[in-house]
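Have a look at the sequence and model below. This report walks through them step by step, in plain terms.

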Amino acid sequence: MKPALNTASGSLRVEALAKHFGGLKVFDGISFTVPPGEVLGVIGPNGAGKTTLINVMCGMLAPTSGRVVLGDHDITGKSFHAISQLGVVRSFQQTNTFRSASVEENLFRAERFSAARRGPDLGLPALLEEFGLARHLHEPSDKLPYGLQKMLGLVMVLAVRPRFLLLDEPVAGLERRERTQLDRFVEHAREKLGCGVLIVEHDMELVRRLCPQIVVLEAGRLLASGAPDEVLSRRDVIDAYLGATEEE
Ligand SMILES: Nc1ncnc2c1ncn2[C@@H]1O[C@H](COP(=O)(O)OP(=O)(O)OP(=O)(O)O)[C@@H](O)[C@H]1O
Ligand SMILES: [Mg+2]
């Protein structure tokens with residue numbers, strides 16, 4: 001895989017991005033790039049601002065300053081709906097399904113959202129089969145085991161035909177054996193859509209496996225960026241973060 005942190009055309013970038021809540025500077029002046037078709041990991045201790053970063057990138061929150069840029073387009077401050085329609089789609093740390101709707105209805109709603117953007121076959125039936133969802137199509141999504149709800153949430157964001165996926169702790173709450181399904185999901189998204197993927201995760205094994213490049217968010221700034229082996233062995237990163245959470 002090519003290096004992921006160079007600026008490429010058609011990439012998703014944040015430039016000198018800041019988000020403050022009153023006096024709380026969640027982050028300040030952070031910049032990085034997710035090139036198309038590549039995977040970037042974002043790690044950092046609890047409360048570092050990872051979810052807030054995704055909220056700003058996807059239009060759920062306006063930044064205090066700085067820019068979010070998709071290809072040649074400044075998408076800063078556009079609505080969540082507009083940004084999703086442009087192809088930047090997020091998943092949620094908790095599940096993101098319509099709770100009492102069936103699995104099939106959930107997928108239908110997600111697909112409808114992408115009606116304006118036709119494209120290659122997404123291969124969803126194969127993915128539903130692989131993740132064990134195919135035999136639950138007519139069940140209410142909130143009655144599924146948690147792991148299946150999380151996987152449904154991921155298949156739904158894929159059904160929106162994203163150009164970039166922002167995944168907020170996609171394997172949190174999943175059992176270890178379920179976690180490798182994310183590898184297949186990311187591979188599928190890149191293969192079928194050429195999707196760029198930003199993954200926020202605390203599971204360092206998974207980050208090492210899936211992310212050729214990572215950035216570390218800590219105390220409102222980017223503490224480090226680079227290949228996981230190099231970044232995760234840095235003393236300052238270990239002190240800031242890994243000592244406390246590697247065992248999770
Ligand atoms: N709407 C809000 N208003 C005020 N403060 C907020 C708001 N949203 C988040 N924060 C604060 O911003 C900081 C960053 O929170 P955030 O949820 O982004 O962290 P995180 O890195 O995703 O943490 P975790 O790993 O636990 O999910 C926290 O101190 C949080 O309390
Ligand atoms: Mg979070």
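What follows goes from the overall fold to the strands, one helix and the ligand.

**Overall fold**

Please keep in mind that this is a predicted model. The protein chain contains 10 helices and 10 strands. Its C-alpha atoms fill a box of roughly 50 × 40 × 40 Å along the principal axes. How does the radius of gyration of the protein chain agree with that of a compact globule? A compact globule with 248 residues would have a value near 18 Å, and the 17 Å of the protein chain agrees with this. Of the 248 residues, 42% are buried. Among contacts with a separation of 6 or more, 71% join residues that are 24 or more positions apart.

**Strand 1 and its partners**

Strand 1 covers residues 12-21, and it pairs with strand 2 as well as with strand 4. The two pairings are set out here.

| Pair | Sense | Bridges | Bridge partners or opposite residues |
|---|---|---|---|
| Strand 1 and strand 2 | antiparallel | 7 bridges | L17 and I30 |
| Strand 1 and strand 4 (residues 65-70) | antiparallel | 5 bridges | E15 and R67 |

Strands 1 and 2 also make a hairpin, with 2 residues between them. One residue to look at in the turn is G22, which has a positive phi of about 55°.

**One side of helix 3**

Helix 3 runs over residues 103-113, and its buried residues are V103, N106, L107 and A110. Why do these residues sit on the same side of helix 3? They cover an arc of only 95° around the axis, and that puts them on the same side. The spacing fits the general geometry: an α-helix has 3.6 residues a turn, so residues three or four places apart point the same way. Helix 5 (146-159) is included in what covers the buried residues of helix 3.

**Around ligand 1**

Which residues surround ligand 1? They are F21, L24, V26, G44, N46, G47, A48, G49, K50, T51, T52 and Q93. Strand 2 (24-34) and helix 1 (50-57) are the elements that give two or more residues to this shell. Helix 1 gives the most, with 3 residues. By character, the shell divides into 7 polar, 4 nonpolar and 1 charged.

Strand 2 therefore links two parts of this picture, as an antiparallel partner of strand 1 and as a contributor to the shell around ligand 1.

Definitions and conventions: Residues numbered from 1 in each chain as written. Chains lettered and ligands numbered in written order. Predicted model: local features only at pLDDT ≥ 70, side-chain atom pairs only at ≥ 80, totals over all residues. Buried ≥ 20, exposed ≤ 12 C-beta atoms within 10 Å, placed from the backbone. Helix = DSSP H or I, 4+ residues; strand = E, 2+ residues; numbered from the N terminus. Arc of directions from axis to C-beta. Contact = placed C-beta atoms within 7 Å. Rg over C-alpha atoms; globule rule 2.2 N^0.38 Å. Near = placed C-beta within 6 Å. Nonpolar A, V, L, I, M, F, W, Y, C, P; charged D, E, K, R; others polar. Pairing = 2+ DSSP bridges.
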